[in-house]
Structure formats: C-alpha cells, structure tokens
Amino acid sequence: MEIHLAPPIVQEGQQLTELRQKVREFIRAGIADATLVPTINSWLGGWNEEFSRSLAAEGWLGMTIPVEFGGRGSTFLQRFVVTQELLAAGAPVSAHWVADRQIGPSLLKFGTDYQKQKLLPGIANGDIFFGIGMSEPDAGSDLASVRTKGVQVEGGWKISGSKVWTSGAHASNYFFALARTAPVDTDHRHAGLSQFIIDLHSPGVDVRPIVSLNGHHHFNEVFLDDVFVPDDMVLGTIGEGWNQVTSELAYERSGPERFLSTLPMLNELLLATRRGDLAPDPELGRYFARIMGLHQVSVSIADSLSRGEEVGTSASIVKVLGTTTEGDIAEFATTVPGAAEGDASLDTLRALGDEALLERAGFTLRGGTNEVLRGVIARGLGLR
Ligand SMILES: Cc1cc2nc3c(=O)[nH]c(=O)nc-3n(C[C@H](O)[C@H](O)[C@H](O)COP(=O)(O)OP(=O)(O)OC[C@H]3O[C@@H](n4cnc5c(N)ncnc54)[C@H](O)[C@@H]3O)c2cc1C
C-alpha cells in the first residue's frame, strides 16, 4: 500500500514572494494607523467587516473564486500566502473567514449556477458572511447523529432543529445547515443527510448568544422552527450531505489558521528577548522550528487542493500537530520567567498570554477534536 504522509514540498517562486511583501506592507501600514491591532485567535474572534472590505479592495478576498463569479481567479497558494501573513500578524479576519475558506470552494464544487451568481460575488466583496451549521447538542464528533430535520414541502423544504457553537451566526447572512432528510438507516448512518443554505434572517430562525468565559461573543445557538428553504437553496444533492460536508472539512483542517492562532504571542516573545527584556530561551527556537515544519506541510496541501487531490489524512495531521503547537506556545509564553510579572514592557505579552490561555481549550476542539482526528489519521494510514 502506498502511503502519502504529506504532498510534495512547494518552492515559493518570485510571484508569491512579491505578493507576500505586498501583504506585509499592507499590514505594516495597518499597524501604524491602528486599523490592525494584533490579537490571539484573530480568525475566530476578530470580527471587523470594514477590515474585510479593505482586504477585498486589495483583491485578497475570494481569491480562488473565478473572475466570472466576482472572484480573483488566483491559486490556492496565492491565497495561502495572503492568509498566512494576515494570521501571523493577528489581523481581524473572522468576519469573512468561513465564507472565504470553505463556503466559496463548496459552492464552486456543489452549488448551482444560480447559487454561485447569487452568493460568490458578495463573498468576494466582503458583503456576504457565512457560518457553519454542523454541530448540535448531541452531535459534535458524531456528526451523523444530527437531529435537525428537513421535510419536503411544495417548492422547497421545511427545516426544524437546533444547532450549537455556531460561530458568528449573529452577524452572518447565511449558514450551511446539515439536516437529516431521510430516516436513519442503522447500516448506513451517513446516508440520508443533506445540506441547506439558510438565510439567517428567515422567519423561524432564532439566534441566541453563548458568551465565552472571557466575555467574548462569537458562539451561538441557532434554533430553526419550520424554516422554509426554497429548492434553489438546497446545496448539492439531497442525501449526499455527508460526502459534501467531508469535502468541506478538508479546507477547514489544513490551513495556516491551525498553527498560527498564537503566533502573535511568539513574535512578541521574540521581540522582548531581542530587546533584552527576557533572557534567551532555546525553547523559543524550537517553537519557531515546529511552526516552519507545519508551514511546509500546510502549503503543500494548499498546492494539492489546487489540483483537486485528496488531502484528508495530511489535513488531519496538520490540524492535530498544529493546534497542539498553538496551545503549547500559549503555555510556554506564559511560563517564561519574567513574563508573568515585572516591568511594563511585557504588558502586551501578558495581555496576549491571558487571552491565549482562555482560548486554548478551543484550539484542539473546533473543526474536529484531536482524538477523533487521530482515528481519521489511523484509517488514512490503513491502521484501522
Ligand atoms: C472555538 C470553537 C468554535 C466552533 N465553531 C463551530 C461552528 O461554527 N459551527 C459548528 O457547527 N460547530 C462549531 N464548533 C463545534 C465543534 O465542531 C465541536 O465542539 C467538536 O466537533 C466536538 O464536538 P462536541 O463538542 O459535541 O464534543 P463531543 O463529540 O461530545 O466530544 C467530547 C469528548 O469526547 C471525545 N470523543 C468523542 N468521540 C470520540 C471517539 N470516537 N473517540 C475518541 N474520543 C472521542 C472528544 O474528543 C472530546 O474530547 C466549534 C467548537 C469550538 C471549540
């Protein structure tokens, strides 16, 4: 059996290097005029629609969406460079993150021409934002047990049920909801599921906030009470929801957001060490080395995605190793002697550290837990 642990290594050519420089200049200008304030976990907590539109104006949203649908027709590698730089800087990218990362590619793969025309230009402009309606109170890791139900009616479907942990639903225009449209077949639990594009302002949709321990609000519960979804807003094929969702997850698990959520903190630690405010610690180099290794695999996966290749196993490897690294960085940076108390020059580091420790529990959970992903990896390697 042939085993592909990671796709081939990608060399960055001149075009990508120039793009990277351009994004860095944009970031420097943003930091200088305070439109960009670096934060931890900025792709989930940094909701800033104005910033998203400023990226759209540069041509950095909807990059992989074809020009005919309002996008830029760029490659996944070009998108990788842009998103990597923004994440490394802790830029507020969460408003457009889900739409740009996975909804666009899913619409291109499974959507109708009507859906593409209706939604893709708005995604590329930063006018349409999306949430993910997969998890439910009794369906997280075991997603096939979703109980939200779709019943066919004249001209469409009526959807009822409840979703939970729906990041950004209170500020988004739509979400993709996974629902059961045929009774459970115990021999084929993944059959009979379908995806619907639900307008979150439709009658029967009730979005209720869940406030996190740190006082932030990005999570929500979304209650659906006989919400009408017209036939032209069914995504893909009725009954094929499982295969569609699985392909969406490959985009969700392999990107640089899975190892860069705490990089602004590592950067701050490096700066404090260079200033002489902290004693040099060899561990710092080890963390940068881990990040570089993850970068290499993640960028190679982006290249493979451009060719439509299967990346499920390597995407899961990036997510397990990357999210573990993010959490380790949070812990390391807050336990460095001198970082916990002392002079004001370490205030930024301490503030990022406090934030990172509260957020870290979510790193290995969102997008599939590490325990579950280890099972996916084992299967991918033919071990189960
Ligand atoms: C920050 C954050 C943002 C999120 N945003 C969204 C969102 O926008 N939309 C959305 O739909 N969902 C979202 N989620 C939900 C996320 O996808 C689920 O939390 C995740 O899939 C786990 O499901 P659960 O919470 O129901 O835990 P459970 O599935 O109940 O798991 C509980 C524990 O049991 C372990 N476990 C479960 N099954 C197995 C198994 N077979 N083998 C070994 N161990 C197992 C898990 O690893 C975990 O430790 C978000 C979660 C977080 C933390």
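A residue counts as buried here if 20 or more other C-beta atoms lie within 10 Å of its own. Gly 62 clears that bar, with 29 C-beta neighbours inside 10 Å, and so is classed as buried. The structure in question is a predicted model, and Gly 62 is a handy place to start looking at it. This glycine sits in the loop between helix 3 (49-58) and helix 4. Leaving out residues up to four places away in sequence, Gly 62 touches Gly 70, Gly 71, Arg 72, Asp 100, Gly 104, Leu 120, Ile 123 and Ala 124. The C-alpha atom of Gly 62 is also 7.6 Å from that of Asn 125, although 63 residues along the chain lie between the two positions.

Another loop residue, Glu 136, gives a similar kind of story. Glu 136 belongs to the loop between strand 1 (130-133) and strand 2 (149-153). Charged or not, Glu 136 has 23 other C-beta atoms within 10 Å and therefore counts as buried. Its contacts, setting aside neighbours within four places in sequence, are Val 146, Arg 147, Thr 148, Gly 161, Ser 162, Lys 163 and Val 164. For one of these, Val 146, the separation is ten residues along the chain and 6.5 Å between C-alpha atoms.

Next come the helix pairs. Helix 1 (residues 14-32) and helix 4 (residues 76-88) have axes that come within 9 Å of each other and cross at roughly 30°. Angles under 35 degrees count as roughly parallel, so helix 1 is roughly parallel to helix 4. Their crossing is right-handed. On the helix 1 side, the contact uses Leu 16, Leu 19, Arg 20, Val 23, Arg 24 and Ile 27, and on the helix 4 side Leu 77, Gln 78, Val 81, Val 82, Glu 85 and Leu 86. Sorted by type, the residues of this contact come out as eight nonpolar, one polar and three charged.

Helix 5 (residues 94-110) and helix 7 (residues 241-253) also have axes that come within 9 Å, but here the crossing angle is roughly 140°. Roughly antiparallel needs an angle over 145 degrees, and helix 5 is therefore oblique to helix 7. This crossing, too, is right-handed. Arg 101, Gln 102, Pro 105, Ser 106, Lys 109 and Phe 110 of helix 5 make the contact with Gln 244, Ser 247, Glu 248, Tyr 251 and Glu 252 of helix 7. The mix in this contact is three nonpolar, four polar and four charged residues.

For helix 8 (residues 263-275) and helix 9 (residues 282-306), the packing angle is about 145° and the axes are 11 Å apart. Helix 8 passes helix 9 in a left-handed crossing. Leu 263, Leu 266, Leu 269, Leu 270 and Thr 273 in helix 8 meet Leu 284, Tyr 287 and Ile 291 in helix 9. The tally for this contact is seven nonpolar, one polar and no charged residues. Further along helix 9 is Ser 300, which counts as buried because 21 C-beta neighbours fall inside 10 Å. The C-alpha atoms of Ser 300 and Lys 319, 19 residues apart along the chain, are separated by 14 Å.

Helix 8 also contributes to the nonpolar interior. In soluble globular proteins, nonpolar side chains tend to be buried together. The largest nonpolar core in this model has 97 residues, and the members touching the most other members are Ile 159, Phe 175, Phe 196, Ile 198 and Met 265. Beyond the four places on either side in sequence, Met 265 touches Ile 40, Ile 329, Ala 330, Ala 333, Leu 349, Leu 352, Gly 353 and Ala 356.

Finally, two backbone oddities deserve a mention. Most residues other than glycine have a negative phi. Ala 34 is not a glycine, yet has a positive phi of about 60°. Trp 165 likewise shows a positive phi, near 60°. Both are loop residues: Ala 34 lies between helix 1 and helix 2 (42-45), and Trp 165 between strand 3 (156-164) and strand 4 (174-180). Their surroundings are another matter. Ala 34 has 7 other C-beta atoms within 10 Å and so is exposed, whereas Trp 165, with 21 C-beta neighbours inside 10 Å, counts as buried.

Notes
Residues numbered from 1 in each chain as written. Predicted model: local features only at pLDDT ≥ 70, side-chain atom pairs only at ≥ 80, totals over all residues. Axes fitted to C-alpha atoms, helices over the stretch in contact; angles between N-to-C directions. Helix = DSSP H or I, 4+ residues; strand = E, 2+ residues; numbered from the N terminus. Parallel < 35°, antiparallel > 145°, perpendicular 65-115°, else oblique. Left-handed = near helix turned anticlockwise from the far one by under 90°. Contact = placed C-beta atoms within 7 Å. Nonpolar A, V, L, I, M, F, W, Y, C, P; charged D, E, K, R; others polar. Core = buried A, V, L, I, M, F, W, Y, C linked by C-beta atoms within 7 Å. Buried ≥ 20, exposed ≤ 12 C-beta atoms within 10 Å, placed from the backbone.
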